[in-house]
Amino acid sequence: MSEVESRNFIEQIIDKDLAEGVYDTVHTRFPPEPNGYLHIGHAKSILLNYGLAQEYGGKFNMRFDDTNPTKEKEEFVESIKEDIAWLGADWEDRLFFASNYFDEMYEAAVKLIQKGKAYVSDLSAEEIREYRGTLTEAGKEDPFAKRSIEENLKLFEEMKDGRYGDGEKVLRARIDMASPNINMRDPVIYRVAHMHHHNTGDKWCIYPMYDFAHPIEDAIEGITHSICTLEFEDHRPLYDWVVRELEYPRPPKQIEFAKLYLTNVVTGKRYIKKLVEEGIVDGWDDPRLVSIAALRRRGFTPESIKKFVELCGVSKANSSVDYAMLEYCIREDLKLKCPRMMAVLNPVKLIIDNYPEDQIEYLPAPNNLENEALGSRQIPFGKELYIEREDFMEEPPKKYFRLFPGNEVRLMNAYFVKCTGCVKDENGEVTEVHCTYDAASRGGNSPDGRKVKGTIHWVSAKEAIKAEVRLYENIIDEEKGVYNEDGSLNLNPNSLTVLKECYLEPSFADAKAYDRFQFVRNGFFCVDANAFGVSAGSPDETLVFNRIVSLKSSFVLPKKED
């Protein structure tokens, strides 16, 4: 018996609509508000909408819902476009702005007034809230709801012409003040706002509300399935009311799915804005954040995020996903793609006393043991090397198999070396480790068959490239949770560690922004695009690496049920 393909509930709805002739194609869109940077949760929506269009041979639109000029910036528009393109969602020539339709939205509002379905109100925002009622009590009729169609048309035109100040008048839809759904109790659909708009300039001093604008945008663009997150479920009756009253011939269908929540991360724009303004992070793309720009800068790949979204699935129920699953996805994506190279992050000098003074030899090393297609490289080896400080202990505990006086280890891809002692400074800090090497063990194997239990990595001191390496932890203190009782963030004071004195093998000399590598034993790293200098060899510039993820995790991918 062949395995039946599992279809999520959105695909099932679309299948039914196509089978019944409700629509003859599939047309989706991603409609962000340009009031901040996109985060990992938005990636799910982007890839879902684009993926559905691809699956059904349909179209995908990119549209900015820029109906609130008080919070929108051109910077956010450009960052969002870059994020979506990076994820691989291709809108082709279909890039739109809600503000492109302001003329149509104004005419749609006039049409509702003419039908007796909208009226101008003088109530303040606070009074409108009072009249709206509560979840258990019906609202009260707006005292201005009895205005005539002619008066409403005149007042609305005067609103457009700038005759009134902000908040002085609004346009409300006339629906049902006794509706059990508060969203249907004569919602405001237009407000006065004397604000400069990033796209339309000063043409308008009235702006449509999101709940009014969004269904109109979808209908104008021919969207068939308006996929949005679960908090808009209660707004769907208003969405349907707008497209029905405006008599669009093929109204779009709104479908809601559960948001993607990650444990112990900050996604709220208000909180991120505060972190940026207070200098706690160095921007919306700080690698400790989970904005798409931050994940890209840290070194995540589009493929890893797609895999993560795929594993999360599509459902109607809200749930949280462990951040470790995102880390699992990037490890799985990079382990066969990245060259495995040597970098020493906390160095101490290793001197091979019996190695020829001025000799440098080049030793072959595979770039990735799991992927032979990545080839090999030659790495220089000499008398003085750098090793990790943790790879030497003068008085080691049991089962410590690295360097200590009298012990022999393998230098990766090089020789056996035996520790003879160390040199310390006046503070007792080890400054040099001394050893001798076995010239017959070139390549890391002894001809007499003796075994060693420890293998350590190294970098030739003379040819080493100096670099800065940044190690990241969660910006949130995971033991205390995301928020304090007062609503502030529980920040982790150790979320960033900057290592200034790191040494890399010279194979890194041609590294470019966003290049990714596996540092032996230390994790996966990416060249930081923001801090990238002219070149690795320039005396005035230093390569900066972000650790994407460590090599090991306790996360285990759940097994599929039979």
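The accessible surface of the chain in this predicted model comes to about 26800 Å², and carbon and sulfur atoms hold 48% of that area. Of the 562 residues, 51% are buried. As for charge, the chain carries 73 positive and 98 negative charges, and the mean positions of the two sets lie 3 Å apart.

Let me turn to the overall form. The chain contains 12 helices and 27 strands. Its radius of gyration is 31 Å, whereas the globule rule gives 24 Å for 562 residues, so the chain is more spread out than a compact globule. Along the principal axes, the C-alpha atoms occupy a box of roughly 100 × 65 × 45 Å. Among contacts with a separation of 6 or more, 71% join residues that are 24 or more positions apart.

I now come to one sheet in particular. This is an open sheet of seven strands with mixed pairing, and its order is β21-β18-β19-β20-β14-β17-β22. Which strands stand at the edges? They are β21, residues 455–456, and β22, residues 459–460. Each has a single partner strand, and therefore one side of each is without a neighbour in the sheet.

In general, the strands of a sheet pair through backbone hydrogen bonds, in either the parallel or the antiparallel sense. Both senses can be followed here, beginning at the β21 edge. Strand β18, residues 408–411, pairs with β21 in the parallel sense, over two bridges. On its other pairing, β18 runs antiparallel to β19, residues 416–424, and three bridges join the two. Arg410 takes part in both pairings: its bridge partner in β21 is Thr455, and its bridge partner in β19 is Phe416.

The next step in the order is from β19 to β20, residues 430–437. These strands run antiparallel and are joined by seven bridges. One of the bridge pairs places Val417 opposite Tyr437 of β20.

Two hairpins connect these strands. In the hairpin of β18 and β19, four residues lie between the strands. Asn413 belongs to that loop, and its phi is positive, about 65°, although the residue is not a glycine. With a relative accessibility of 24%, Asn413 counts as partly exposed. The hairpin of β19 and β20 has five residues between its strands, and there the turn residue Gly428 has a positive phi of about 85°.

Positive phi values also occur elsewhere in the chain. Asn264 lies in the loop between β10, residues 261–262, and α9, residues 269–277. Its phi is near 55°, again a positive value in a residue other than glycine. Asn264 is partly exposed, with a relative accessible area of 21%.

Next, helix α8, which spans residues 236–245. Its buried residues are Leu238, Tyr239, Trp241, Val242, Val243 and Glu245. Against which elements do the buried residues of α8 pack? There are helices among them, namely α4 (102–114) and α7 (210–221), and also the strands β5 (170–173), β8 (225–229) and β9 (253–257). Just after α8, Glu247 takes a positive phi of about 60°.

I would like to close with two individual residues. The first topic is Arg297, in helix α10, residues 292–298. Is Arg297 buried or exposed? Its relative accessible area is 3%, and because the cut-off for a buried residue is under 20%, Arg297 counts as buried. Setting aside neighbours within four places in sequence, Arg297 is in contact with Asp282, Asp285, Asp286, Asp528, Pro287, Arg470, Tyr514, Cys526, Asn530 and Asn546. In the case of Asn546, the two residues are 249 residues apart along the chain, while their C-alpha atoms are separated by 8.2 Å.

The other residue is Asp477, which is found in the loop between β23, residues 465–472, and β24, residues 496–504. Asp477 has a relative accessible area of 19%; this value is under the 20% cut-off, so the residue is classed as buried. Not counting residues up to four places away in sequence, Asp477 touches Asn490, Leu491 and Asn492.

To return to the chain as a whole, the radius of gyration of 31 Å is well over the 24 Å of the globule rule, and 51% of the residues are buried.

Methods. Residues are numbered from 1 along each chain as its sequence is written. This is a predicted model: local features need pLDDT of at least 70, side-chain atom pairs count only at pLDDT 80 or more; totals for chains, interfaces and linings use all residues. Side-chain values use heavy atoms; hydrogens and water are left out. The radius of gyration is taken over C-alpha atoms; the globule rule is 2.2 Å times the number of residues to the power 0.38. Buried means under 20% relative accessible area, exposed over 50%, partly exposed in between (1.4 Å probe, protein chains only). Contact means heavy atoms within 4.5 Å. Accessible areas come from the Shrake-Rupley method with a 1.4 Å probe; for residues, only the protein chains shown count as cover. Lys and Arg count as positive and Asp and Glu as negative; His and the chain ends are not counted. The place of a charge is taken as NZ of Lys, CZ of Arg, CG of Asp or CD of Glu. Two strands pair if DSSP finds at least two bridges between them.
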